[in-house]
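Please open the structure below in your viewer and keep the selection tool at hand. The tour goes from one selection to the next.

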Amino acid sequence: MKRLNIKKAFSVCLVIVLLSMLTACNGNTLTKDATSKEGANKFTIVTSFYPIYIAALNVAKDIEGVEVINMTEPITGCLHDYTISPKDMKTLEDAQVFVINGAGMESFMESVISQLKDLKIVEASKGIELIEGDGEIENNPHVWVSISNAITEVQNIESQLSAIDPSHSEAYKKNAKAYIQKLEEIRSKMHEALDNVSQKDIVTFHEAFPYFAKEFNLNIAGVVEREPGSEPSAKELGETVDQIKTLGIKALFAEPQYPKRAAEVIANETGAKVYTLDPAVTGPMEADAYIQIMTKNLEVLKEALK
Ligand SMILES: [Zn+2]
């Protein structure tokens, strides 16, 4: 009887010791996490809009103490005529770096620079040869729609971030290299599929595709609707219809972000088919999103231009 009791007591003790060891371990882990999250070395990168967020996320992902935040909602799309809000300014106040596309996309930069003098600016489009804009716009800012330019933007983000934040430079370089490799792969696939198509004339919505077209030798024969809110007039629609008939264009490319009504009107009158081509201005907030979008664009173009 007595022996049994001792055995029982011993078991209970063992369980208590094991339990307290487990708790101690958990406790340690929690403390460690909390320290690193609130540590003084947190480096916050804010991006202006979707395609720049995806590029910067690839350069700065999985680095302890570095976070990437997008200033605008992912559904905002392009920032033409965007007015910066007090909420945006608050986001920027808490950041060390603001990564922008440049090339005239962020027209609000003057007020940001004058109000936040310590904020470092990374300009992703630096050095990219710009295509002239249409109408009042001096340059076309949609450089990232070309994969080669997207690669340059990643290189620019990496080198400028490394200069501002040298302590994470190794990691930025490693990430950028891996991402650029993926971008080069999809670019090769697109060249393989598009270089030898005979039908090079395309008609698109929104002035987002000149850089993409230039890269793959496609000819933008017409732009149906330039920006949200600027519906083509009956006269403009008529001219586009004539143009498509004259050129014998078989495919129209609308964007997922824009109403397809005008393209459908044209399609009905010309017999051309309507496809969706994505300029990567909105989408999932995932590192691979741009590659996924371009892979889908490739499938669409293969189908449309065959
Ligand atoms: Zn745009």
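What follows is a walk through one sheet and two helices of a predicted model.

**Stop 1: the sheet.** Select strands 5, 6, 7 and 8. These 4 strands form an open sheet in the order 6-5-7-8, with parallel pairing. In general, strands of a sheet pair through backbone hydrogen bonds, either parallel or antiparallel. Look next for the edges: strand 6 (219-223) and strand 8 (273-276) each pair on one side only. From one strand to the next, the twist averages 35 degrees.

**Stop 2: one pair of strands.** Select residues 201-204, which are strand 5, together with strand 6. The two run parallel and are joined by 4 bridges. Which residue of strand 6 stands opposite isoleucine 202? It is isoleucine 220.

**Stop 3: a helix on the sheet.** Add helix 8, residues 234-247. Helix 8 packs on the sheet and touches strand 5, strand 6 and strand 7 (251-254). The direction of helix 8 makes about 150 degrees with that of strand 6.

**Stop 4: two helices.** Now add helix 9, residues 261-270. The axes of helix 8 and helix 9 come within 10 Å and cross at roughly 45 degrees. The two helices are therefore oblique to each other. Their crossing is right-handed.

To see the contact, show these side chains:

- From helix 8: Leu237, Thr240, Val241, Ile244 and Lys245.
- From helix 9: Ala262, Val265, Ile266, Glu269 and Thr270.

Colour the contact residues by type: 6 are nonpolar, 2 polar and 2 charged.

Notes. Residues numbered from 1 in each chain as written. Predicted model: local features only at pLDDT ≥ 70, side-chain atom pairs only at ≥ 80, totals over all residues. Heavy atoms only, no water. Axes fitted to C-alpha atoms, helices over the stretch in contact; angles between N-to-C directions. Parallel < 35°, antiparallel > 145°, perpendicular 65-115°, else oblique. Left-handed = near helix turned anticlockwise from the far one by under 90°. Contact = heavy atoms within 4.5 Å. Nonpolar A, V, L, I, M, F, W, Y, C, P; charged D, E, K, R; others polar. Pairing = 2+ DSSP bridges.
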